[in-house]
Every structure is written in C-alpha cells, then in structure tokens.
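Dear colleague,

I am handing over the structure below, together with an account of what was found in it. Please read the account with the coordinates open beside you.

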Amino acid sequence: RVKRARLTLEVLRRIRAADMAPWLRIAIDLAIVTAQRREDVATARFADFRPDWHVRQRKTGAMLVLPLELRLDALDLSLADVLAAARRTGAVSPYLVHQTRAYGNSPVGSAIWVDTVSRQFSDVVAGLGIDWGDRTPPTFHELRSLSERLYSRQGNVSTQALLGHRDPRMTATYA
C-alpha cells in the first residue's frame, strides 16, 4: 500500500498560489513541466540550454533533450516560460534554481541545495493545512508523478521518453 498521498492538479494550483521564494516557484515549475527529478532540477544550468534543454539525469545517466516548446497544457506553462522566469530573478547565476537573496553562507546566485528544495516544498505543502488522512503529504518527487499523469491525459508527449525510462513498466508505476 502506498503511504504517500498523490499530488493532484488542484493541490498543485494551491501550492503555486502560495507565498514562496522565487527560486522554489521556478523549481516547482521546472519539475512539473519537465518531469525531472529534484537533483536534475536543482542542478539545471542556463548553459544546458542550447537552445533546448540538454539534461543528463543524475540517477540513470540518461541523456535527454527537452524542447523549449514542451508545454503542459493543464497549467498553460512551457519550458520556455520557466526559462524566462529564471532569467527574470535579477540575480546573476549559472543555475536556473538559485538564491535570489543572500542566506547564511549562500550568496545571491548560488545553487540551492537539493535537500533545501525538498524541505521548502514540504513546508509549503504543510502550510496548505490539508488533512491527508492516513497518508503522508506529497513530496517534491510527486511532481514527477503528477507530470506523467497530466502529460498522459494531454496525449502529445511520450511520457516514457520524458521520464527517461527504458522500460515502459517503470513509467507505468508513475501512472
């Protein structure tokens, strides 16, 4: 039995409407549009866009090329939109997901730690005040699952290729 609550589009809309750091919004949008893992989202660099996003998945080593035109219709959001938002933060940084104000030992423009992405996402989810019953609240990784389900319904994207899976059975576990 799955113990983690599934993230729904309605809850994601509430998350995206919540007050949060600009870098977290960019991380969430990059994750939902591209269905990539938190490690790949947190380490995405502007230099990896040539012009499409060339991402080598850290977990599997799979190399993906995701077009800027990749669009998640359910949110009317494209990869180009996310890239543009990352460029509008006002901070100079090689990373899409970066500090927009100095925090502790992290200067403006520095990368956000992967665990910080997870913690901050969990804090936003907890702030929604949703009763998840006997399940644990959805984590950042649930964005990957929701992305797969939304693109499956949308129908014009190969979710197996998007997730970087060699075996269709692995993609089926996200559905």
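**Salt bridges**

The count of salt bridges in this structure comes to eight. Please keep in mind throughout that this is a predicted model.

Among the salt bridges is the one in which the side chains of glutamate 142 and arginine 4 meet, with a nitrogen-to-oxygen distance of 3.4 Å. Since glutamate 142 belongs to helix α6 while arginine 4 sits in the segment before α1 (9-17), this pair ties together parts of the chain that are 138 residues apart in sequence. Glutamate 142 counts as buried, at 6% relative accessibility, whereas arginine 4 is partly exposed, with a relative accessible area of 29%.

Arginine 6 also forms a salt bridge with glutamate 142, and here the closest N and O atoms are 3.2 Å apart. This pair, too, links distant parts of the chain, with arginine 6 in the segment before α1 and glutamate 142 in helix α6, 136 residues apart. Arginine 6 counts as partly exposed, its relative accessibility being 30%. Taken as a network of salt bridges, the linked residues are Arg4, Arg6, Glu142 and Arg149.

A further salt bridge joins arginine 16 to aspartate 29, where the closest N and O atoms are 2.8 Å apart. Arginine 16 lies in helix α1 and aspartate 29 in helix α2, so that the pair links parts of the chain 13 residues apart. The two partners fall into separate accessibility classes, for arginine 16 is partly exposed at 23% relative accessible area, while aspartate 29 is buried at 9%.

**Packing around helix α2**

The helix that carries aspartate 29 also packs against other helices, and I take these contacts in turn.

With helix α6 (residues 142-154), helix α2 (residues 22-34) has an axis that comes within 7 Å and crosses at roughly 45 degrees. The two helices are therefore oblique to each other, and α2 passes α6 in a right-handed crossing. On the α2 side the contact is made by Ile28, Ala31, Ile32 and Val33, which meet Leu143, Leu146, Ser147, Leu150 and Tyr151 in α6. Sorted by class, the residues of this contact divide into eight nonpolar, one polar and no charged.

With helix α4 (residues 79-87), α2 packs at an angle of about 165 degrees, the axes being 9 Å apart. The pair α2 and α4 is therefore roughly antiparallel, and the crossing of these two helices is left-handed. From α2, the residues Ile26, Asp29, Leu30, Val33 and Thr34 meet Leu79, Val82, Ala85 and Ala86 in α4. By class, the contact of α2 with α4 has seven nonpolar, one polar and one charged residues. Asp29, which appears in this contact, is also the partner of arginine 16 in the salt bridge described above.

With helix α5 (residues 114-127), α2 packs at an angle of about 95 degrees, and the axes are 11 Å apart. That angle makes α2 roughly perpendicular to α5. Here Trp23, Leu24, Ala27 and Ile28 in α2 meet Thr116, Val117, Gln120, Phe121 and Val124 in α5. The contact of α2 with α5 comprises, by class, seven nonpolar, two polar and no charged residues. Ile28 takes part in this contact and also in the contact of α2 with α6.

**Tryptophan 53**

Where does tryptophan 53 lie, and is tryptophan 53 buried or exposed? Tryptophan 53 has its place in strand β1 (residues 53-56), and with a relative accessible area of 0% it is buried, the cut-off for that class being under 20%.

Leaving aside its neighbours within four places in sequence, tryptophan 53 is in contact with Leu30, Thr34, Gln36, Asp40, Ala44, Asp48, Leu64, Val65, Leu66 and Leu79. Of these, leucine 64 is eleven residues away from tryptophan 53 in sequence, and the C-alpha atoms of the two are 7.8 Å apart in space. Among the contacts of tryptophan 53 are Leu30, Thr34 and Leu79, residues that also appear where α2 meets α4.

With best regards

Key
Residues are numbered from 1 along each chain as its sequence is written. This is a predicted model: local features need pLDDT of at least 70, side-chain atom pairs count only at pLDDT 80 or more; totals for chains, interfaces and linings use all residues. Side-chain values use heavy atoms; hydrogens and water are left out. Axes are lines fitted to C-alpha atoms, for helices over the stretch in contact, and angles run from 0 to 180 degrees between N-to-C directions. Helices (H or I, at least four residues) and strands (E, at least two) are DSSP runs, numbered from the N terminus. Angles under 35 degrees count as roughly parallel, over 145 as roughly antiparallel, 65 to 115 as roughly perpendicular and the rest as oblique. A crossing is left-handed if the near helix is turned anticlockwise from the far one by less than a right angle, and right-handed if clockwise. Contact means heavy atoms within 4.5 Å. Ala, Val, Leu, Ile, Met, Phe, Trp, Tyr, Cys and Pro count as nonpolar, Asp, Glu, Lys and Arg as charged, and the others, Gly among them, as polar. Buried means under 20% relative accessible area, exposed over 50%, partly exposed in between (1.4 Å probe, protein chains only). A salt bridge is a side-chain nitrogen of Lys or Arg within 4 Å of a carboxyl oxygen of Asp or Glu.
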